[in-house]
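Hi everyone, thanks for coming. I'd like to walk you through one model today, so please have the viewer open and follow along.

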Amino acid sequence: MNRIILHYDMDCFYASIETRDNPRYKNHPMVVAGGVVTTANYEARKYGIHSAMSTFEAKKLCPNLMIVFPNKEKYFKESQIIHNLVLKITHKIEFIALDEGYIDITEVIKKFSSKEKFAKTFRERIFKHTGLTCSVGIGVNKISAKIASDINKPFGQYIFNSEEEFVEYMKEKKIRKLQGVGEKFEKLLNKDNIFLVKDVHKFSLKELTKRYGKARGELLYLYSRGIDYSPVEYDKPTHSVGAENTYSFSLNTEEEINKKLQEVFETAYRRLKEKNFLTKTISIKVRYEDRVTINKAKTISIAIYDRDKLFEYVQEIFNEIEEKSSIKLLGVTFKNLVEFSMRQLSFKDEFNSK
Ligand code: TTP
Ligand code: MG
């Protein structure tokens, strides 16, 4: 069955929140940054300032740049508000970051006169309730929706009605634009004279998998043709709680990795506690410089909420991962959640008193 998938992505998310709360940043080049820039507003981007650049370098490019220290808790709360708003439309949503998500709108779109109208209503609704703008893409699957949401940023929208429309749009674009093609893979492809998306079309699936391995070969073959069957995994958010961090510099030493792993664990754990959950499944996500991502999980038989025990599991799972360098993202997620009821509390107390 043909699907209709929407992808939304908030516009310069952290910077928009700070500007909404402090209008003196409006129309002025501004970044949200500690030592490195997490995001730059559109005025600052005109100077060539972008995420992951050092604040020092950004200031050199634009001496009167305003710098706001990140307040991650605030951005997380804002993200929850947005999630709840979107959940009022349908529950078929996969939130993939604080500021973006995929929605399967195949059914709900039927109540609207057109995809254009739906996308516009969606953007206006988020703006009305949060004072923040987002961009929307509608496609026939996740990859086309994600590319679409980036086309008319900020506060814009774009629609692909078929795989063919997507292929037509993508064919002259750089191969790097395809999801899953990172810096390293791009270099490798360039060496083989593959620069644009259309250059992949010359090769058969067999040739591509032979050259670049099964996963990467299939990815090139399918995505360049606008084919993506992956579902919107909408059960995920309500069944899990966690946190993840992207780093502007790769983590390489054991010491820095441990520190960051503990940090992200603490955030995930706090969220687990805030929601009053116990967990049975502890899952870790690691993404490397070349965007290869590993997920590893452990499921235990009895749900627990003990901080130290959970962190022990996190470390145990992480130790099983072979590659421990060039890390760009770490995430910890708890799944298989069980609500922490009073009955369990008293049971635990009873247990302890004996
Ligand atoms: P993005 O959606 O990548 O960027 P953005 O929302 O700031 O801008 P755009 O309008 O282009 O979508 O990231 C969302 C938020 O995640 C961003 O506001 C800040 C944070 N972030 C980091 O902390 N570090 C990073 O390296 C990146 C890319 C984002
Ligand atoms: Mg964004």
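I'll start with a small polar cluster, then go to the cores, and finish with two helices.

Before we zoom in, please keep in mind that this is a predicted model.

Let's begin at H7. H7 sits in strand β1, and with a relative accessible area of 1% it is buried, because the cut-off for that is under 20%. Who are its polar partners? Two side chains come up. The side chain of H7 makes a polar contact of 2.8 Å with the side chain of E100, and a polar contact of 2.8 Å also joins the side chains of H7 and S149. If you select the surroundings of H7, leaving out residues up to four places away in sequence, you'll find I96, E100, G101, Y102, S135, V136, G137, A145, K146 and S149 in contact with it.

Now the partners, one by one. E100 lies in strand β6, which covers residues 100-104. Is E100 buried or exposed? It is buried, at a relative accessible area of 12%. Beyond its neighbours within four places in sequence, E100 is in contact with H7, Y8, D9, F95 and K146.

S149 belongs to helix α6, residues 142-149. At 3% relative accessibility, S149 is buried as well. Besides the contact with H7, a polar atom of the S149 side chain lies 3.0 Å from the backbone oxygen of K146. Setting aside residues up to four places away in sequence, S149 touches H7, D9, S135, V136 and G137.

For a sense of distance across the model, take H7 and K260: they are 253 residues apart in sequence, and their C-alpha atoms are 29 Å apart in space.

On to the nonpolar side of things. In soluble globular proteins, nonpolar side chains tend to be buried together. Here the largest nonpolar core has 32 residues, and the members that touch the most other members are L6, Y8, I105 and F122. Which elements give two or more residues to this core? They are β1 (5-10), α1 (13-21), β2 (30-33), β4 (66-68), α4 (72-87), β5 (93-97), α5 (115-130) and β7 (134-139). Taking I105 as one example, its contacts are I4, I5, L6, F118 and I138, again not counting residues up to four places away in sequence. There is also a second, separate core of 30 residues, and V241, I257, Y313 and I327 are among its members.

One of the contributors to the largest core deserves a stop of its own: α1. Why call this helix largely enclosed by the rest of the structure? Because 7 of the 9 residues of α1 are buried. Those are F13, Y14, A15, S16, I17, E18 and T19, and they pack against β1, β2, β3 (37-40), β4 and α4.

Last stop: back to α6, and its packing with helix α7, residues 163-170. The two helices pack at an angle of about 50°, with their axes 11 Å apart, which means that α6 is oblique to α7. Their crossing is left-handed. At the junction, I143, S144 and I147 from α6 meet F166, Y169 and M170 from α7.

That's the tour. If you keep one picture, make it buried H7, with polar contacts from its side chain to E100 and to S149. Happy to take questions!

Notes
Residues are numbered from 1 along each chain as its sequence is written. Chains are lettered from A and ligands numbered from 1 in the order in which they are written. This is a predicted model: local features need pLDDT of at least 70, side-chain atom pairs count only at pLDDT 80 or more; totals for chains, interfaces and linings use all residues. Side-chain values use heavy atoms; hydrogens and water are left out. Helices (H or I, at least four residues) and strands (E, at least two) are DSSP runs, numbered from the N terminus. Buried means under 20% relative accessible area, exposed over 50%, partly exposed in between (1.4 Å probe, protein chains only). A polar contact is a pair of N or O atoms within 3.5 Å; within protein, one must be able to donate a hydrogen and the other to accept it, and residues adjacent in sequence count only if both atoms are side-chain atoms. Contact means heavy atoms within 4.5 Å. A nonpolar core is a set of buried Ala, Val, Leu, Ile, Met, Phe, Trp, Tyr and Cys residues joined through side-chain atoms within 4.5 Å. Axes are lines fitted to C-alpha atoms, for helices over the stretch in contact, and angles run from 0 to 180 degrees between N-to-C directions. Angles under 35 degrees count as roughly parallel, over 145 as roughly antiparallel, 65 to 115 as roughly perpendicular and the rest as oblique. A crossing is left-handed if the near helix is turned anticlockwise from the far one by less than a right angle, and right-handed if clockwise.
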